[in-house]
Amino acid sequence: MKLVRRHPSTSASAREQALIPLINVVFLMLIFFMVVGRLVPSEFFAVEPPSARVGTTDAPGASSDSWMLLVSADGRLALNGQAITAGALAARLRAAGAGQGLPELILRADGALNTATLRALLERLRAVGLQRIQLVTIPVR
């Protein structure tokens with residue numbers, strides 16, 4: 001009794017050639033994720049902004065020259081992705097103000113931050129001369 005194959009056998013080179021498009025797609029996806037992963041900078045530390053029922057969902061007036069200030073739940077500060085102390089922050093703002101004018105500050109504070117700590121920071125920023133600070137919140141729906 002002789003067995004008959006339903007599908008004709010393919011040669012090894014034909015199977016290898018069939019895998020080449022799959023390998024190309026995998027490499028393209030790998031390159032894509034490597035490039036996208038570099039475009040999104042990670043935050044210096046985790047910050048979960050407080051929620052708010054009022055406010056706007058966009059940032060009117062925010063520009064690429066704005067500075068991003070992160071405040072963690074325990075009061076640590078990071079300015080534009082670098083750790084900084086409150087005294088050094090005031091010094092940098094004064095230096096920036098002496099040159100081109102004070103930058104717009106976007107404040108992304110953790111929702112668990114102590115109110116007294118946030119108030120002291122805001123008073124220090126006001127003492128430097130900042131007139132406009134945008135506070136990042138998560139809208140409640």
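A salt bridge is a side-chain nitrogen of Lys or Arg within 4 Å of a carboxyl oxygen of Asp or Glu, and the side chains of Arg76 and Asp74 meet in such a pair, with 3.1 Å from N to O. The model described here is predicted, and the structure holds three salt bridges, which are taken up one by one below after a short account of the overall architecture. Two loop residues, Arg132 and Asn80, are then described in their own right.

**Overall architecture**

- The protein contains three helices and seven strands, and from the N terminus on these elements follow one another in the order α-β-β-β-β-α-β-α-β-β.
- Of the 141 residues of the protein, 22% count as buried.
- The accessible surface of the protein amounts to about 10800 Å², and carbon and sulfur atoms hold 59% of that area.
- When contacts in the protein with a separation of 6 or more are considered, 76% of them are accounted for by residues 24 or more positions apart.

**The salt bridge between Arg76 and Asp74**

- As a general matter, side chains of opposite charge can pair when their charged atoms come close.
- For Arg76 and Asp74 the N to O separation is 3.1 Å, and this pair therefore satisfies the cut-off of 4 Å that defines a salt bridge.
- Asp74 has a relative accessible area of 58% and is therefore classed as exposed, because exposed residues are those over 50%.
- Arg76, by contrast, counts as partly exposed, with a relative accessibility of 44%.

**The salt bridge between Arg132 and Glu104**

- The side chains of Arg132 and Glu104 also form a salt bridge, here with an N to O value of 3.5 Å, and the side chains of these two residues are likewise joined by a polar contact of 3.5 Å.
- Arg132 lies in the loop between helix 3 and strand 6, whereas Glu104 lies in the loop between helix 2 (86-99) and strand 5 (105-109), so the pair ties together parts that are 28 residues apart in sequence.
- Glu104 counts as buried, at 17% relative accessibility, because the limit for a buried residue is under 20%.
- Its partner Arg132 is partly exposed, at 42% relative accessibility.

**The salt bridge between Glu123 and Arg119**

- In the pair formed by Glu123 and Arg119, the side chains meet in a salt bridge of 3.1 Å, taken from N to O.
- Both residues lie in helix 3, where Glu123 and Arg119 are four residues apart, about one turn of the helix.
- Arg119 is classed as exposed, with 57% relative accessibility, while Glu123 is partly exposed, with a relative accessible area of 40%.

**Loop residues of interest**

- Arg132, already introduced as the partner of Glu104, is found in the loop that runs between helix 3 (115-128) and strand 6 (133-135).
- The C-alpha atom of Arg132 is separated by 9.5 Å from that of Leu102, a residue 30 positions away along the chain.
- Asn80 sits in the loop between strand 3 (77-79) and strand 4 (82-84), and although Asn80 is not a glycine, its phi is positive, at about 50 degrees.
- With a relative accessible area of 40%, Asn80 is partly exposed.

Key
Residues numbered from 1 in each chain as written. Predicted model: local features only at pLDDT ≥ 70, side-chain atom pairs only at ≥ 80, totals over all residues. Heavy atoms only, no water. Helix = DSSP H or I, 4+ residues; strand = E, 2+ residues; numbered from the N terminus. Polar contact = N/O pair within 3.5 Å; in protein donor to acceptor, adjacent residues only side chain to side chain. Buried < 20%, exposed > 50% of the residue type's maximum accessible area, 1.4 Å probe, protein only. Contact = heavy atoms within 4.5 Å. Areas by Shrake-Rupley, 256 points an atom, 1.4 Å probe, with all protein chains shown as cover.
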